[in-house]
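Me: Please take a close look at one part of this chain and describe how it is built. A plain account will do.

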Amino acid sequence: AHFARRAEALDNIADHAMMEQLEHVCKTRAHMFSSSDFSFLLFAVQSGLVCFVASTLDREPELAKFYGPSLFSAALRMPAVEGPHAIDLAPMVQMLLKRGLGPNQQKDSPALWTLWLEKFPYSDTRSTRFHYWSKILKMLLLHGVRAQESAEFFNEIRKWVDKSNGEDIVSETIVKGTAMLLSHGLNPNEPNGQRHTFWTAFLEHLCAGEFSPKPTTVCTLVQIFSLFFRYGADPTAFIYSTSTVH
């Protein structure tokens with residue numbers, strides 16, 4: 001897969017002869033693959049073989065119809081390794097989005113979107129992972145994913161805002177992620193699927209007795225408050241939230 005990816009990078013086309021040999025080798029290793037075409041296509045997605053996957057989907061569009069959610073879910077995974085051997089799946093995500101595969105086009109779109117938001121390691125302080133996540137988030141938002149379906153992001157914020165201890169990358173993740181969602185259509189005053197709006201749910205957590213932000217996280221909280229107000233959060237909700245929390 002490594003050499004096939006290098007060949008694609010050099011010529012910007014899929015080397016189908018090489019891919020046929022690679023597929024044959026993979027399918028003879030029963031512990032890695034079943035005999036289905038989908039198994040190898042999924043392997044190609046996870047290996048970052050963008051040209052091959054694109055040409056395969058163009059040639060056999062029914063594969064996208066039946067396996068689209070699984071392919072897109074595989075492309076959304078975070079890189080397992082970093083450094084020179086890391087597989088950048090952002091081009092794969094971009095290619096699949098351009099072909100109509102993505103959270104808004106699939107029947108299980110909320111599940112894919114929510115699962116991705118749940119799995120992001122908010123506590124990971126490696127800047128490369130944050131920037132990769134930001135890039136993917138921006139792609140998804142630009143291709144029409146419903147920012148309003150991002151309650152899980154704010155659930156995670158409530159978990160990590162006080163655990164970040166002022167670490168720059170975690171704080172940057174929280175603040176910039178919030179800014180991207182709000183700037184792409186998230187309405188802070190719209191119900192989030194439960195009895196709260198995004199704004200009041202956030203306020204009630206902050207006002208709860210068990211929450212006591214450290215001094216190092218106050219700056220992060222102030223930035224989030226500013227973002228909510230910039231995008232129309234109802235200021236009277238703060239009075240309501242503080243009066244209902246015991």
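Reply: The part chosen here is helix α5, in a model that is predicted. In α5, the buried residues are L63, A64, G68, P69, L71, F72, A74 and A75.

Helix α5 covers residues 61-75, and its end C-alpha atoms are 18 Å apart, whereas a straight helix of 15 residues would span 21 Å at 1.5 Å a residue. There is also a bend in α5: about 80° at Y67, with a proline, P69, following within four residues. P69 is itself one of the buried residues of α5.

L63, also buried in α5, leads to the preceding part of the chain, since T56 is in contact with both L63 and L41 when neighbours within four places in sequence are left aside. T56 belongs to helix α4, residues 50-59. T56 counts as buried because its relative accessibility is 5%, under the 20% cut-off. A polar atom of the T56 side chain lies 2.8 Å from the backbone oxygen of F52.

As for the setting, the chain has 13 helices and zero strands. Of its 246 residues, 46% count as buried. Among contacts between residues at least 6 apart in sequence, 72% join residues at least 24 apart. The accessible surface of the chain is about 12,500 Å², and carbon and sulfur atoms account for 56% of that surface.

Methods. Residues are numbered from 1 along each chain as its sequence is written. This is a predicted model: local features need pLDDT of at least 70, side-chain atom pairs count only at pLDDT 80 or more; totals for chains, interfaces and linings use all residues. Side-chain values use heavy atoms; hydrogens and water are left out. Helices (H or I, at least four residues) and strands (E, at least two) are DSSP runs, numbered from the N terminus. Buried means under 20% relative accessible area, exposed over 50%, partly exposed in between (1.4 Å probe, protein chains only). Contact means heavy atoms within 4.5 Å. Accessible areas come from the Shrake-Rupley method with a 1.4 Å probe; for residues, only the protein chains shown count as cover. A polar contact is a pair of N or O atoms within 3.5 Å; within protein, one must be able to donate a hydrogen and the other to accept it, and residues adjacent in sequence count only if both atoms are side-chain atoms. The expected span of a helix is 1.5 Å times one less than its number of residues. The bend at a residue is the angle between axes fitted to the seven residues ending there and the seven starting there.
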